[in-house]
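Work through these short exercises with the model at hand. Try each task before reading its solution.

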Amino acid sequence: MSTQIIINALNTVREHKPLVLNITNYVVMNNTANGLLALGASPIMAHSRGELAEMMVFSGALVVNIGTLDSVWVERMLFAVEQANKQGKPVVLDPVGCGASQLRTHTSRRIADLADQLIIRGNASEIIALAGLENATQASCKGVDALDASETAVDAARYLVEHYHCNVVISGETDFIIGKNSEISLHNGHAMMPFVTGMGCTLSALTGAFAAVGETTGLAAAAVLGVAGEIAAAQSAGPGSLQLKLLDVLYQLDVDTLAQRLQLTLVKIAISNKP
Ligand SMILES: Nc1ncnc2c1ncn2[C@@H]1O[C@H](COP(=O)(O)OP(=O)(O)O)[C@@H](O)[C@H]1O
Ligand SMILES: Cc1ncsc1CCOP(=O)(O)O
Ligand SMILES: [Mg+2]
């Protein structure tokens, strides 16, 4: 069932080429735009208050990535989320470095509070920090032993789902897709992927493409990036070639290969107690 949802979503993205509006960080603008194009979607990177309302009318989703935020950008991000709400469009929040500074943690919570239709995609330590769990002392920048998705991270994600009425993707060695009605784990990907900056940001951007065509759990993007990442890593001598090879694999990925390689576990499904 989940595999078919993923395949249908990928076919829909490639057919409809949704426009994804990204307010994102300077480090990853290029790789995330190229990741969206390789997937079959259409990126626009914009952050001027003077055009965000117009852009949101014809964009299918908004991706807000706080990687290189400042006070001016924060206000534009909040304005953009208001426009997405007005247009009934989904918002993907990538809380880069949440927990590493008060500014990032506070801004992530402001955005999460404001968005009507929200998917949060972060690594384990970002998700733990966003939820405010007391042991979230771990800075979530790369190279500071970012936590693997632990039970703590899954507990934090469950809190966020309840608190912000959203879906949450915890990325890492295992990806967890946590929603109100189901919890899924994905075991694809490759250990080389964290050595490419922007891999998580690319996942958030792809999540926006799938959300734009109605797949708003975050599952399809994590599945596609995980499978594409492991295929690309197998053909790469190191992170330099992986960053480029990933684009080729995203572009060429066929649904049969995706279905064959997918390592997905349905951890929990809430049986609705409504008659
Ligand atoms: N240790 C790992 N083993 C396998 N795949 C990984 C590993 N770490 C990350 N990935 C892959 O990279 C993707 C990006 O995740 P991550 O590195 O957690 O994002 P971020 O860059 O925001 O910290 C994951 O969804 C997964 O596919
Ligand atoms: C290194 C860095 N610094 C600010 S944003 C950024 C990129 C982070 O990208 P990702 O979280 O996908 O690794
Ligand atoms: Mg990240």
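**Exercise 1.** Where does UniProt place the feature "binding site"?

Solution. The unreviewed UniProt entry puts it at Met45 and Gly198. Positions follow the numbering used here, feature names are shortened, and annotations may be inferred rather than shown by experiment.

Before going on: this is a predicted model, where local features need pLDDT of at least 70, side-chain atom pairs count only at pLDDT 80 or more, and totals for chains, interfaces and linings use all residues. Residues are numbered from 1 along each chain as its sequence is written, chains are lettered from A and ligands numbered from 1 in the order in which they are written, and side-chain values use heavy atoms, leaving out hydrogens and water.

**Exercise 2.** Is Gly198 buried or exposed? Place it and list its contacts.

Solution. Step one: Gly198 lies in the loop between β8 (182-186) and α8 (199-212). Helices (H or I, at least four residues) and strands (E, at least two) are DSSP runs, numbered from the N terminus. Step two: Gly198 is buried, because its relative accessible area is 9%. Buried means under 20%, exposed over 50%, partly exposed in between (1.4 Å probe, protein chains only). Step three: Gly198 touches Val28 and Asn31, not counting residues up to four places away in sequence. Contact means heavy atoms within 4.5 Å.

**Exercise 3.** Do the same for Met45.

Solution. Met45 sits in strand β2. Met45 has 25% relative accessibility, so it counts as partly exposed. Its contacts, not counting residues up to four places away in sequence, include Asn22 and Thr24.
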